[in-house]
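Please guide me through this structure in a viewer, one selection at a time. I have not seen it before and would like to know what to select next and what is there.

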Amino acid sequence: MSAEHKTTHSPHGSRSAYHKGFILSAILTAIPFWLVMSGVLQSRALTATLLIIFAMAQIVVHMIYFLHMDARAEREWIMLSLIFTIVVLLIAVSGSLWIMYHLNTNMMMPMDPNAARNMP
């Protein structure tokens, strides 16, 4: 009783593809680090916007080069797991921001200068 097993192996990238992904990831990390540390841009909003753009680009690079997610992948579970990951991240980030905002607004205590000087 030998049963044939059909195994489909997911295509892995070549060594050059991994190198290309690593170099792109390093560049997409180094540029935002340089932007923040050197203070090239005077506008904090513009700097934050650029950081978000570079972060999204890096997510795409990781998905293509390291997770091998592309248009040729015809597996539905890849898209389902991606959607699940995005939902979990949105819940975690929005929940954390909500908690930090409310802790900041509700835990602030007015203090006069004399009380501030006497604090340990």
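The tour below goes from the whole chain to single residues.

**Whole chain**

Start with everything shown, and keep in mind that this is a predicted model. Colour the chain by pLDDT: the mean for the protein is 80, and 79% of its residues reach 70 or more. Now switch to a cartoon view, where the protein has 4 helices and 0 strands. Followed along the sequence, the pattern reads α-α-α-α.

Go back to the confidence colours and select residues 15–38, which are helix H1; among the elements of the protein, H1 has the highest mean pLDDT, 94. Then select residues 113–117, helix H4, where the mean pLDDT is the lowest among the elements, at 73.

Turn on the surface next. The protein exposes about 10,700 Å², and 71% of that comes from carbon and sulfur atoms. Of its 120 residues, 11% count as buried. Among the contacts with a separation of 6 or more, 60% are between residues 24 or more positions apart.

**The largest nonpolar core**

Hide the surface and select Leu28, Leu35, Phe54, Val61 and Tyr65. These 5 residues make up the largest nonpolar core. Helices H1 and H2 (44–66) each supply at least two residues of this core, and H2 gives the most, with 3 residues. As a general point, nonpolar side chains tend to be buried together in soluble globular proteins.

Stay here and centre on Phe54. Which residues does phenylalanine 54 touch, not counting those up to four places away in sequence? They are Leu28, Ile31, Pro32 and Leu35.

**Isoleucine 31 and the surface patch**

Move to Ile31, one of the residues that Phe54 touches. Isoleucine 31 lies in helix H1. Its relative accessibility is 32%, so isoleucine 31 counts as partly exposed. Add Phe22, Ile23 and Ile27 to the selection: with Ile31 they form a nonpolar patch on the surface, and together the four have about 380 Å² of accessible area.

**Serine 25**

Select Ser25, which is also placed in helix H1. Is serine 25 buried or exposed? Serine 25 counts as buried because its relative accessibility is 8%, and the cut-off for buried is under 20%. Show what lies around this residue: leaving aside neighbours within four places in sequence, serine 25 is in contact with Gln58, Val61, His62 and Phe66. Val61 in this list is one of the core residues selected earlier.

**Histidine 62**

End at His62, which lies in helix H2. With a relative accessible area of 34%, histidine 62 is partly exposed. Apart from residues up to four places away in sequence, histidine 62 touches Ser25 and Leu67. Finally, draw a distance between the C-alpha atoms of histidine 62 and phenylalanine 22: these residues are 40 residues apart along the chain, and the separation is 8.8 Å. Phe22 is one of the residues in the surface patch shown before.

How values were computed. Residues are numbered from 1 along each chain as its sequence is written. Side-chain values use heavy atoms; hydrogens and water are left out. pLDDT is the predictor's confidence in each residue, from 0 to 100. A nonpolar core is a set of buried Ala, Val, Leu, Ile, Met, Phe, Trp, Tyr and Cys residues joined through side-chain atoms within 4.5 Å. Buried means under 20% relative accessible area, exposed over 50%, partly exposed in between (1.4 Å probe, protein chains only). Contact means heavy atoms within 4.5 Å. Accessible areas come from the Shrake-Rupley method with a 1.4 Å probe; for residues, only the protein chains shown count as cover. Patches are made of residues with over 30% relative accessible area and no salt bridge: like charges are joined within 9 Å, nonpolar side chains (Val, Leu, Ile, Met, Phe, Trp, Tyr) within 5 Å. A salt bridge is a side-chain nitrogen of Lys or Arg within 4 Å of a carboxyl oxygen of Asp or Glu.
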